[in-house]
Amino acid sequence: MSAQTKQHVNQLDYFFKPRSVAVVGASSQIIKWGSFLMVNMVHGGYQGEIYPVNPKESEIIGRRCYASLLDIEGPVDLVLITVPAKAVGAVIEDCIAKGVPAVVMITSGFSETGDEGTGLEQRLMQRAREGGIRVIGPNTMGILSTEVKLYTSGAPVFPKNGGISMISQSGNLGTQMMAFAEEQGLGINKFIGTGNEGDVDTCELLDYLADDPSTSVIIMYMEGIDEGRRFLASAKRAASIKPVIVLKAGRTRAGQTAASSHTGAMSGSSEVFRAVVRQAGLVEARSPSEMIDLACAFAYLPLPSGDGVGVITLGGGWGVVTADECVETGLRLPELPDELIAQMDALLPPYWSRSNPIDLVGKLDLEVFTTAMRGMAKSGGFSSMIVLGVVGTDLIVDRSVKLGAKYSPQIDEQMAEFISQDMANREFVFLNDAYKLTKRTGIPIIPVSLSGGATKAYTIENGGKVVVFTTPEKAVLAIAKLYEYARFRARRQ
């Protein structure tokens, strides 16, 4: 990385740790961008100075509204621009005069519209560079930085602070991913909708996040890249430091056409991109939901030391499905050691499988699950585990006892509530046990829920997180990707 690039990367701190933010085009009308940004910043709890700028307003959300950036007395670290494209040039001049170091240009109507818009964008970016200003955008949905509670996107999404940072070449898809993260309990650190990448681009952001100590996992949604060699160098460097999960859109001709009309991006060959992924050590996702699943796994689970998977299941069918998925994904199912078989013989009926997967023949007893997990961990032959049949059982039992209370005089509502709460408590105890065993042994343990829904990061004792997947194939894919990345890291050492 050149000294000039390094200086620019350091300047990116103003986007994510600003002491003050001005919104040019701020509005009190709730259906406007200038209102969305103001409301989201205030609701999100940003503690720095917030300066609304609009010559037609005197006050917005209880804050004095300024006619111009130049009327603001104090320094401004970050400016969000929402005015129409034809008015942006004057705002950039005010930013230069004010000494603003960073601008997020929400405004659209530039290179995504054709040659005339491209020319206007290039002139604005050149002027910003001359004035020492870094620009994210134009045509972006905004950014988030949860470290400083800065929520400046066009959508009301407020994920909790954590270690996952996202670079997205689609603002709408990116903010939807942030909504998923909020709902599913993922901790987000930074989000950047890159827009048209008139100045700050994907490669520079990748370099920045690779060096960012508060980011532990990088996820990326990409539609195209202009400088393939530069991207490969940045990606390879980042992946050698921390996991980088990438979803490449535009894999088909129809997708490539849509990408071009969306942000003006040129989407290259998917075969070439896949080769770059392999060479750089990136983790490839095939869909937005898969990217969230993998982000959960990489953020909250250790890397497995090998390809041997232990499977524990309440019922046989799920075990069969999981075994098939493991083998077809290139993972192994090691045989059970004699010591563990003897332990399980004392707890299970004589007709249990005595093999991996361990079929618990419907015996919903936490001691049985815990004994199996600890026995696998102690044996040294299993590098990861999948446990099916504990999480989600509480919801099934809850429904059953409530139906029983409705139709059976022997079960009253109080008894039904007690049984349901007891099952919920068992689930919490199991998640804590799984978390502690993972922390002690370094073996990733993935529970799979019986109740459906979405992959979720459950918060347990002391703020720890346990990732619960909703299907065996998702759990197997996560382990396969974790192991693939572990091998890449081992080769790089």
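1. Strands 17 and 18. Strand 17, residues 384–388, runs parallel to strand 18, and four bridges join the two. One pairing can be checked by eye: I386 stands opposite I446 of strand 18. This is a predicted model, and the points below should be read as such.

2. The sheet around them. Strands 17 and 18 belong to an open sheet of four strands. The order is 16-15-17-18, and the pairing is parallel. Strand 16 (358–359) and strand 18 (445–448) are the edge strands; each has a single partner, so one side of each is left without a neighbour in the sheet. Helix 17, residues 472–492, packs on this sheet. Its contacts are with strand 15 (309–313), strand 17 and strand 18. The direction of helix 17 makes about 170° with that of strand 17.

3. Strands 5, 6 and 7. Strand 5 (residues 78–81) pairs with strand 6 in the parallel sense over four bridges. Here L80 stands opposite V104 of strand 6. Strand 6 also pairs with strand 7 (residues 134–136), again parallel, over three bridges. In that pairing V103 stands opposite V135. Two crossovers link these strands. Strand 5, helix 4 (residues 85–98) and strand 6 form a right-handed β-α-β unit. From strand 6 the chain passes through helix 5 (residues 115–130) to strand 7, and this crossover is right-handed.

4. Side chains of strand 6. Which residues of strand 6 point one way, and which the other? A102 and V104 take one direction, V103 and M105 the other. All four are buried. In a regular strand, side chains alternate between the two faces of the sheet.

5. Strand 10 and its partners. Strand 10 is mostly covered, with seven of its eight residues buried. Six bridges join strand 10 to strand 11 in parallel. N161 has I188 of strand 11 as its bridge partner. The connection from strand 10 to strand 11 goes through helix 6, and this β-α-β crossover is right-handed. Strand 10 also pairs with strand 12 (residues 217–222), in the parallel sense, over five bridges. I167 and M220 are bridge partners in that pairing.

6. Helix 6. This helix covers residues 171–184, 14 in number. From first C-alpha to last, helix 6 reaches 20 Å, close to the 20 Å expected at 1.5 Å a residue. Its buried residues are G171, G174, T175, M177, M178, A181 and Q184. In an α-helix there are 3.6 residues a turn, so residues three or four places apart point the same way. What do the buried residues of helix 6 pack against? The list includes strand 8 (142–145), strand 9 (150–153), strand 10 (161–168) and strand 11 (188–193). Helix 11 (288–300) and strand 19 (456–459) are also on it.

7. Ends of helix 6. S170 caps the N-terminal end: a side-chain oxygen of S170 lies 3.1 Å from the backbone nitrogen of L173. After the helix comes G185, with a positive phi near 85°.

8. Cis peptide bonds. Two merit a look. The bond from G137 to P138 is cis, with omega near -5°. P138 sits in the loop between strand 7 and strand 8. A cis bond also joins N356 and P357, with omega about 10°. P357 is in the loop between helix 13 (338–345) and strand 16.

9. Positive phi outside glycine. V361 has phi near 45°, a positive value in a residue other than glycine. V361 lies in the loop between strand 16 and helix 14 (366–379). Its relative accessible area is 30%, so V361 is partly exposed. N462 is another such residue, with phi near 60°. N462 is in the loop between strand 19 and strand 20 (465–468). Is N462 buried or exposed? At 83% relative accessibility, N462 counts as exposed.

10. Whole chain. The secondary structure comes to 17 helices and 20 strands. Of the 493 residues in the protein chain, 55% are buried. Among contacts between residues at least 6 apart in sequence, 71% join residues at least 24 apart.

Technical notes:
Residues numbered from 1 in each chain as written. Predicted model: local features only at pLDDT ≥ 70, side-chain atom pairs only at ≥ 80, totals over all residues. Heavy atoms only, no water. Pairing = 2+ DSSP bridges. Contact = heavy atoms within 4.5 Å. Axes fitted to C-alpha atoms, helices over the stretch in contact; angles between N-to-C directions. Buried < 20%, exposed > 50% of the residue type's maximum accessible area, 1.4 Å probe, protein only. Right-handed = clockwise from strand over helix to strand, strands pointing away. Expected span 1.5 Å × (residues − 1). Polar contact = N/O pair within 3.5 Å; in protein donor to acceptor, adjacent residues only side chain to side chain.
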